[in-house]
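Visitor: Hello! Could you walk me through this protein, one question at a time?

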Amino acid sequence: MDTLTKSNRSKLMSSIRSANTGPEKVVRSLLFKMGYRYRLHAKQLPGKPDIALARYRTAIFVHGCFWHGCTNCDRGTRVPKTNREKWLEKINSNRERDRRVQLQLSENGWNVLVVWACELSELEKLREKLQQALKTVA
Ligand SMILES: [Zn+2]
């Protein structure tokens, strides 16, 4: 199941992860209230998903809009003018990694769900999205 090459692994390991950030906590408590149980940062899974629901074979990533280049809100496109190139490079490499990790997960039979930080402003909608995603794999 673990198909990461050594270099990919070290790339993943060295990638910046913000564990236990605010948005992630919100999603966790929402899932918990909905009755779902999960594991956090499952190390054996590609990309160490923020939340992993083994029973539903579903991995959830909670993405900061700026760092992961969200296209649903303007935070993903508001790149500072100073060092613009550097920011864009960083954001692009995050997006690349996100794509790669999501592909690896789905190749391993996992469903991948991305929750964007901006989605937290409408919890009821997010709740429905989670419910819908987990219902289809139950
Ligand atoms: Zn967003």
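**A walk through the fold**

Guide: Happily! Let us begin with strand 3, which is largely enclosed by the rest of the structure, because six of its six residues are buried. Keep in mind that this is a predicted model.

Visitor: Which residues of strand 3 point one way, and which the other way?

Guide: A general pattern helps here: in a regular strand the side chains alternate between the two faces of the sheet. In strand 3, Ala-59, Phe-61 and His-63 point to one side, and they are buried. Pointing the other way, and buried too, are Thr-58, Ile-60 and Val-62.

Visitor: In what order do the helices and strands of the protein come?

Guide: There are four helices and four strands to place. Reading from the N terminus on, the order is α-α-β-β-β-α-β-α.

Visitor: How many bridges join strand 2 to strand 3, and how many join strand 3 to strand 4?

Guide: Strand 2 and strand 3 form a hairpin with four residues between them, and Arg-57 in the turn has a positive phi of about 45°. These two strands run antiparallel, and Ala-52 has Ala-59 as its bridge partner in strand 3. Strand 3 and strand 4 run parallel instead, with Phe-61 opposite Val-114 of strand 4. The counts are three bridges for strand 2 with strand 3, and six for strand 3 with strand 4.

Visitor: What is the hand of the crossover from strand 3 to strand 4?

Guide: Strand 3 and strand 4 are parallel. Between them the chain passes through helix 3, making a β-α-β crossover, and its hand is right-handed.

Visitor: How far does helix 3 reach from its first C-alpha to its last?

Guide: Helix 3 has 24 residues, and at 1.5 Å a residue a reach of 34 Å is expected. The value in the model is close to that: 35 Å.

Visitor: Which element gives the most residues to the largest nonpolar core?

Guide: In general, nonpolar side chains tend to be buried together in soluble globular proteins. Here the largest nonpolar core has 18 residues, and Ile-51, Ala-59, Ile-60 and Val-115 have the most contacts inside it. Strand 2, strand 3, helix 3 and strand 4 each supply at least two of its residues. The element that gives the most, with four residues, is strand 3.

Visitor: What does Val-115 touch, leaving out residues up to four places away in sequence?

Guide: Val-115 is among the residues with the most contacts inside the largest core. Its partners are Val-27, Ile-60, Val-62 and Leu-126.

Visitor: Is Asn-108 buried, partly exposed or exposed?

Guide: Asn-108 sits in the loop between helix 3 and strand 4. A residue needs 20 or more other C-beta atoms within 10 Å to be buried, and 12 or fewer to be exposed. Asn-108 has 14, so it is partly exposed.

Visitor: Which residue after helix 3 has a positive phi?

Guide: Helix 2 offers a case to start from: just after it, Gly-35 has a positive phi of about 95°. Following helix 3, the phi is positive as well, near 85°, and the residue is Gly-109.

Visitor: Where does pLDDT stay under 50?

Guide: The mean pLDDT of the protein is 86, and 84% of its residues reach 70 or more. One stretch stays under 50, with four contacts beyond four places in sequence in the model: residues 11-18.

Technical notes:
Residues are numbered from 1 along each chain as its sequence is written. This is a predicted model: local features need pLDDT of at least 70, side-chain atom pairs count only at pLDDT 80 or more; totals for chains, interfaces and linings use all residues. A nonpolar core is a set of buried Ala, Val, Leu, Ile, Met, Phe, Trp, Tyr and Cys residues joined through C-beta atoms within 7 Å. Two residues are in contact if their C-beta atoms, placed from the backbone, lie within 7 Å. The expected span of a helix is 1.5 Å times one less than its number of residues. Two strands pair if DSSP finds at least two bridges between them. A crossover is right-handed if, with the strands pointing away from the viewer, the path from the first strand over the helix to the second runs clockwise. pLDDT is the predictor's confidence in each residue, from 0 to 100.
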